[in-house]
Amino acid sequence: MRRRLFAAVLYVVLALCALAVLYPILYTFSTSLMTPGEASEYPPHVVPHHLYLRNFVDVFHLVPIGAFIGNTFLVSIVVMLGQLVTSSLAAYAFARMNFMGKNLLFALFMATMMIPWEVTMIPNYLTVRGWGWLDSYPGLIVPFLAASFGTFLLRQFFLQLSAELFEAARMDGCGHVRFFLSHVLPLSRPALGTLAVYSFLQMWNAYLWPLLITNTDKMRTVQIGIAMLQHQETTAWNLVFAGIALVLLPSLLMLALGLKQLVRGMTVGALKG
Amino acid sequence: MNGLDERLSLPRNRIRTREKARRRERTLSGLKRRENALAYAFLGPSLLLFAIFFFYPMGKSVYLSLHATDPTGRVAGFVGLDNFRYLFQSDQFVQGLKVTVSFALLTVPTGIVLALVLAALTSGRQRGLSLFQFAFSLPVVLSVGSSSVIWMFLYHPSLGMLNYFRSLIHLDPISWLVDPKRALLSVSLMTVWMNLGFNYIVLSSGLRGIPDELRESAAIDGAGPLRVFARILLPLLSPTLFFLAIVSVISSFQSFGQIHILTLGGPMDRTNVLVYSIYQEAFVNFRFGSGSARALVLFVIIVLLTLVQFKWVEKKVHYQ
C-alpha cells in the first residue's frame with residue numbers, strides 16, 4: 001500500500017516536471033496553430049481553440065524560410081558526409097596503423113577538441129573573407145569538414161573491433177584499404193550513425209558562424225532566420241511560432257530516431273573520464 | 001654421416017637464412033614505408049583542414065593580439081602587450097569576466113542538481129518511466145537559436161506567458177530581460193532549461209552504469225533509498241559528475257547565442273559575457289587585435305579548466 005502511494009506520488013511529481021520541461025515546446029506548437037486574432041488576445045489562450053494550419057503556408061510569405069531550410073539542409077548534409085569520411089579515415093589510421101609521429105599527431109588532434117572554436121573565429125573569418133567565401137556555401141561548409149570529436153569517437157569504436165579479425169584479414173593478404181572499406185566501415189555502422197546524428201545537429205543548430213559570414217537572405221541558415229523572425233513583425237506571433245515549429249521538426253525527428261546514437265556519443269567522453 | 005652432412009650444409013644454410021633475412025628486412029622496411037605513406041594519406045584531409053582552420057588561426061590570434069588593426073582587418077602596427085594591458089585596465093572587460101563567472105555559477109550547479117534529481121527519480125525499472133526519460137532528454141536537440149526565440153516570447157513583458165502565469169497567482173509582471181538586476185537570471189533560467197537534456201542524458205547513463213547488486217545489497221542491509229543514493233550512488237557517480245561539471249563550465253564560458261538574441265549584452269552590460277564581448281569587439285567595432293586578445297584570455301581559461309580536469313581532481317574523484 002505504502003509502495004503504491006509512493007509510486008503514485010513519484011508519477012505525479014515526474015509528470016509536473018515533464019510538463020514544465022516540455023512547456024516551451026508545447027507552447028510553440030500550440031501558438032503555431034492559432035489564428036492571428038487568437039494569438040494576440042489577452043488573456044492568452046493556453047491551448048488553441050481550433051487548428052489553423054494556414055500559418056504554415058503564410059510564414060513562407062513572411063520570410064524566405066524555404067530558402068533557410070534548404071540552405072541549412074544542404075550545409076548539414078554535406079558537413080555530415082564530409083565528417084564521416086575525414087573522421088573515419090583518420091580514426092582508422094590512429095586505431096590500426098603504425099606510423100612515425102603517431103602519438104604526437106594524436107595529441108594534436110585531441111588538443112583541437114579541447115580548444116573552443118570561438119578562440120579561432122576571428123582569423124577564420126579573415127581567412128574565409130580573404131578567399132571571397134563570405135556569404136557562400138563553401139564558407140559555411142569547409143571549415144567544419146574535419147572533426148576531432150568524430151575522429152576520437154570512431155577511433156574508440158575501431159579499437160573495440162576484434163583484433164583477430166584484423167589478423168585474419170591480414171593473413172589472407174587483405175590490405176589496409178580493403179580491410180577498412182569492406183570490414184571496418186560495415187561493422188562500425190552504429191558509431192558512424194552516432195557521428196552522423198551529431199554532425200547534422202551541430203550544423204543545423206549552428207548560430208555564431210553563420211551569423212558572422214552570411215549577410216543576405218539567400219544564404220541565411222535556419223537559426224539566423226528564426227532569430228530574424230522576432231524583429232520582422234512582432235504582432236504575428238502565430239506566424240513566428242509556425243516558423244519555429246518548422247525549424248524544430250527535423251531536430252525532434254532526429255531525437256525520436258536517434259536518441260540511442262546521441263546517448264552513445266555523449267557518454268564516450270563521460271565513461272572514459 | 002649425419003655430422004658430416006650437418007657440417008657441410010651448415011654454412012650454406014647460414015648463407016641462405018642470412019639472405020632470406022636481408023630480403024625480409026628489405027620488404028619489411030618497404031612495408032613500413034608504405035604503411036607510413038598510407039597512414040598519412042588517411043590522415044591527410046583532416047590534417048590539412050586542422051592546419052588551415054585551427055593551427056594557423058591559433059598562431060594568427062597570438063599575432064593579431066600583439067598588433068593594432070584597421071577596420072578592414074589589416075595590421076596597422078605592432079603594439080606589444082598593449083591590447084592585454086588595456087583589457088585588464090578596462091572596467092568593462094573586468095566586469096565582463098565577472099558576468100561570465102556569475103553566469104557559470106548560476107547555470108552549472110543548478111543545471112547539474114536538477115538533472116541529477118530527475119535522473120535519480122527516473123532510474124528505476126517501473127513502467128512508464130521511459131516516457132519521462134524521453135521528455136527530459138528532449139531539450140538536447142534544441143538549438144540555442146530557436147530556444148532563445150521561444151523564451152524571448154515567453155519573457156515578453158505584456159503578452160508573455162510567464163507574466164501571465166504570475167498574474168494568475170496575483171504577482172506583478174516582471175521585466176525579465178530589461179531589469180538590470182534580473183536580466184542575467186532570466187538568461188540563466190533559459191540556459192538551464194536548454195542544457196537540461198544533455199545533463200540528464202549524461203547523468204542517467206552514468207547511473208545506469210552502476211551495477212544493480214550494489215544498490216540491492218545496500219537495500220538488504222537496511223539502507224533507505226536516500227541513504228543508498230548519498231552513500232553509494234553519488235560516490236560512484238562522481239567521475240561522471242566531474243566530467244559533466246567541467247564540460248558544463250567550459251560550454252557556459254562559450255555562451256553566445258542566447259545573449260545575442262535575448263539581451264544583446266545589456267542592460268548596462270549586465271549580460272555581456274566573454275564570447276559576446278569578443279564578437280562585439282571584432283565584428284561590431286572591427287577591432288580585430290583587441291578582439292583576439294580577448295579570445296586568447298578565453299583560450300587560457302579553457303585550457304586551465306581542462307588541465308584541472310586531467311590532473312587535479314583525477315586523484316580526488318572516486319573511481320570504481
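Here is a walk through the predicted model of a complex with chains A and B, taken one part at a time.

Let's start with how confident the predictor is. For the complex it gives an ipTM of 0.86 and a pTM of 0.84. Within chain B, the pLDDT averages 84, and 89% of the residues score at least 70. One stretch to treat with care is residues 1–10 of chain B, where pLDDT stays under 50 and the model has zero contacts beyond four places in sequence. Where pLDDT is low, the predicted coordinates should not be read in detail.

Now turn to chain A and its domains. The assignment divides chain A into domain 1, made of 1–62 + 236–273, and domain 2, covering 65–232. If you place a point at the C-alpha centre of each of these domains, the two points lie 29 Å apart. Where domain 1 of chain A meets domain 2 of chain A, 17 residues of the former are in contact with 17 residues of the latter. On the domain 1 side, the elements that give two or more residues are α3 (55–62) and α14 (237–272) of chain A. Of these, α14(A) gives the most, with 14 residues. Sorted by class, that side of domain 1 has eleven nonpolar, five polar and one charged residues.

Two helices of chain A are worth viewing side by side. In helix α6 of chain A, residues 121–130, the buried residues are M121(A), I122(A), P123(A), N124(A), Y125(A) and V128(A). Just after α6(A) comes G132(A), with a positive phi of about 70°. Helix α9 of chain A, residues 163–171, is hardly covered: among its nine residues, the count of buried ones is zero. After α9(A) you will find G173(A), which also has a positive phi, near 80°.

The UniProt record adds another layer to chain A. An unreviewed entry lists residues 59–92, 104–125, 137–158, 179–201 and 236–257 of chain A under "transmembrane region". You can set two of these spans against the model. Residues 59–92 of chain A are 94% helix and 0% strand, and the end C-alpha atoms of the span lie 46 Å apart. For residues 179–201 of chain A, the figures are 96% helix and 0% strand, with 30 Å between the end C-alpha atoms.

Next, look at where the two chains meet. Here 67 residues of chain A are in contact with 72 residues of chain B. On the chain A side, the elements giving two or more residues are α1 (2–31), α4 (65–96), α5 (102–114), α6, α11 (189–204), α12 (208–213), α13 (222–232) and α14. The largest share of that side, 15 residues, comes from α14(A). The helix α14(A) is therefore one to follow by eye, since α14(A) also gives the most to the side of domain 1 of chain A that touches domain 2 of chain A. By class, the side of chain A that touches chain B divides into 51 nonpolar, 15 polar and one charged residues.Chain B itself has twelve helices and two strands. Reading along the sequence, you meet them in the pattern α-β-β-α-α-α-α-α-α-α-α-α-α-α. Of the 320 residues in chain B, 38% are buried. Among the contacts in chain B with a separation of 6 or more, 69% are between residues 24 or more positions apart.

Chain B also has a domain assignment, with domain 1 at 2–65 and domain 2 at 89–316. The contact between these two takes four residues from domain 1 of chain B and six residues from domain 2 of chain B. The domain 1 side of that contact has two nonpolar, two polar and no charged residues. From UniProt, an unreviewed entry lists residues 97–309 of chain B as "domain: ABC transmembrane type-1". In the model, that span is 73% helix and 0% strand, and its end C-alpha atoms lie 21 Å apart.

To finish, zoom in on a single residue, A293(B), which is found in helix α12 of chain B, residues 288–316. Is A293(B) buried or exposed? A293(B) counts as buried because 28 C-beta neighbours lie inside 10 Å, and the cut-off for a buried residue is 20 or more. Leaving out residues up to four places away in sequence, A293(B) touches S65(B), N83(B), F84(B) and L87(B). By contrast, A183(B) is 110 residues from A293(B) in sequence and 27 Å away in space, C-alpha to C-alpha.

Technical notes:
Residues are numbered from 1 along each chain as its sequence is written. Chains are lettered from A and ligands numbered from 1 in the order in which they are written. This is a predicted model: local features need pLDDT of at least 70, side-chain atom pairs count only at pLDDT 80 or more; totals for chains, interfaces and linings use all residues. A residue is buried if 20 or more other C-beta atoms lie within 10 Å of its own, exposed if 12 or fewer, and partly exposed in between; C-beta atoms are placed from the backbone. Helices (H or I, at least four residues) and strands (E, at least two) are DSSP runs, numbered from the N terminus. Domain bounds come from an automatic or database domain assignment. Two residues are in contact if their C-beta atoms, placed from the backbone, lie within 7 Å. Ala, Val, Leu, Ile, Met, Phe, Trp, Tyr, Cys and Pro count as nonpolar, Asp, Glu, Lys and Arg as charged, and the others, Gly among them, as polar. UniProt positions are given in the numbering used here, feature names are shortened, and annotations may be inferred rather than shown by experiment. pLDDT is the predictor's confidence in each residue, from 0 to 100.
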